[in-house]
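Trainee: Could you walk me through reading a protein model, from the overall picture down to single residues?
Mentor: Gladly; let's put it on the screen.

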Amino acid sequence: YEAKFVNFENDGYEVKKHIGLVETDAAKSLKEYLLDSWRGKRTDYRTSFMVKSMVEASDEWLHSFYYYNDDPPTDEKFESSITDYLTFEANMIFHGRGYLFEGGETNADRTDQDTERRGRGATESGQAVEEAPQQYRIVYDV
């Protein structure tokens with residue numbers, strides 16, 4: 001079945017302290033926009049407002065599941081996302097969790113690598129030896 005999922009957060013009503021729900025000047029036109037979009041009279045709506053999708057009874061029934069962002073990111077938003085990711089990755093490496101970015105390792109492999117990273121190697125005779133910690137260098141080029 002085709003279903004329409006609507007996000008009508010901006011319905012033209014505001015909650016006023018000690019008064020309750022109050023209709024704004026925009027409420028009537030927003031309601032008309034909703035009904036026209038629902039009835040197919042308008043097709044210029046964004047997916048952040050309404051999404052049409054084929055669904056089964058066992059599928060998800062929330063607008064946010066089907067919603068996708070129509071708006072391309074601004075340069076500032078894109079750079080902010082990249083900066084956040086690089087900060088996260090650097091933090092993981094500095095805290096000895098760089099293996100999260102490597103694939104196919106087992107817990108035993110990570111334990112061995114963590115031991116090596118902390119400088120707890122062993123000589124041929126089996127005696128523990130402290131080694132200098134490994135140095136990391138992160139280069140940002142955004």
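Mentor: We can begin with the surface as a whole. The accessible surface of this protein comes to about 11,600 Å², and carbon and sulfur atoms own 50% of that. Keep in mind that we are looking at a predicted model.

Trainee: How many helices and strands does the protein have, and what pattern do they follow along the sequence?
Mentor: There are four helices and six strands. Read along the sequence, the pattern is β-β-β-α-β-α-α-α-β-β.

Trainee: And what share of the residues is buried?
Mentor: Buried residues are those under 20% relative accessible area. Here they make up 18% of the 142 residues. For contacts, look at sequence separation: among those with a separation of 6 or more, 37% join residues 24 or more positions apart.

Trainee: Which residues form the largest nonpolar core?
Mentor: A core is a set of buried nonpolar residues joined through side-chain atoms. The largest one here has five members: Ala3, Phe5, Val51, Val55 and Tyr66. Take Tyr66 as a way in: leaving aside neighbours within four places in sequence, Tyr66 is in contact with Phe5, Val51, Ser53, Val55, Asp59 and Glu60.

Trainee: Ser53 turns up among those contacts of Tyr66. Is Ser53 buried or exposed?
Mentor: Compare the relative accessible area with the cut-off: Ser53 has 16%, so Ser53 is buried. Ser53 is found in strand S4. Beyond four places in sequence, Ser53 touches Tyr1, Glu2, Ala3, Phe5 and Tyr66, and Ala3, Phe5 and Tyr66 are members of the core.

Trainee: What about a residue in a loop? Where does Tyr45 lie?
Mentor: Tyr45 sits in the loop between helix H1 (27-39) and strand S4 (50-54). A loop position does not settle burial for us here, and the relative accessible area of Tyr45 is 17%, so Tyr45 counts as buried.

Trainee: Which residues does Tyr45 touch?
Mentor: Not counting residues up to four places away in sequence, Tyr45 touches Tyr33, Ser37, Met50 and Lys52. You can also check a backbone distance: the C-alpha atoms of Tyr45 and Leu34 are separated by 9.2 Å, with the two residues 11 apart along the chain.

Trainee: Let me try Ser37 next. What surrounds Ser37?
Mentor: Ser37 belongs to helix H1 and is buried, at 1% relative accessibility. Apart from neighbours within four places, Ser37 is in contact with Lys4, Arg42, Tyr45, Phe49 and Met50. Look inside the helix as well: a polar atom of the Ser37 side chain lies 2.8 Å from the backbone oxygen of Tyr33.

Trainee: Now the outside. Which residues form a nonpolar patch on the surface?
Mentor: Look for accessible nonpolar side chains that lie together. Tyr13, Val15 and Leu21 form such a patch, with about 350 Å² of accessible area together. Leu21 lies in strand S3 (residues 20-23) and is exposed, with a relative accessible area of 61%.

Trainee: One last feature: backbone angles. What is phi of His18?
Mentor: Phi of His18 is near 70°, a positive value in a residue other than glycine. Place the residue next: His18 lies in the loop between strand S2 (13-16) and S3. Then check accessibility, which is 79% for His18, so His18 counts as exposed.

Notes:
Residues are numbered from 1 along each chain as its sequence is written. This is a predicted model: local features need pLDDT of at least 70, side-chain atom pairs count only at pLDDT 80 or more; totals for chains, interfaces and linings use all residues. Side-chain values use heavy atoms; hydrogens and water are left out. Patches are made of residues with over 30% relative accessible area and no salt bridge: like charges are joined within 9 Å, nonpolar side chains (Val, Leu, Ile, Met, Phe, Trp, Tyr) within 5 Å. Accessible areas come from the Shrake-Rupley method with a 1.4 Å probe; for residues, only the protein chains shown count as cover. A salt bridge is a side-chain nitrogen of Lys or Arg within 4 Å of a carboxyl oxygen of Asp or Glu. Helices (H or I, at least four residues) and strands (E, at least two) are DSSP runs, numbered from the N terminus. Buried means under 20% relative accessible area, exposed over 50%, partly exposed in between (1.4 Å probe, protein chains only). Contact means heavy atoms within 4.5 Å. A polar contact is a pair of N or O atoms within 3.5 Å; within protein, one must be able to donate a hydrogen and the other to accept it, and residues adjacent in sequence count only if both atoms are side-chain atoms. A nonpolar core is a set of buried Ala, Val, Leu, Ile, Met, Phe, Trp, Tyr and Cys residues joined through side-chain atoms within 4.5 Å.
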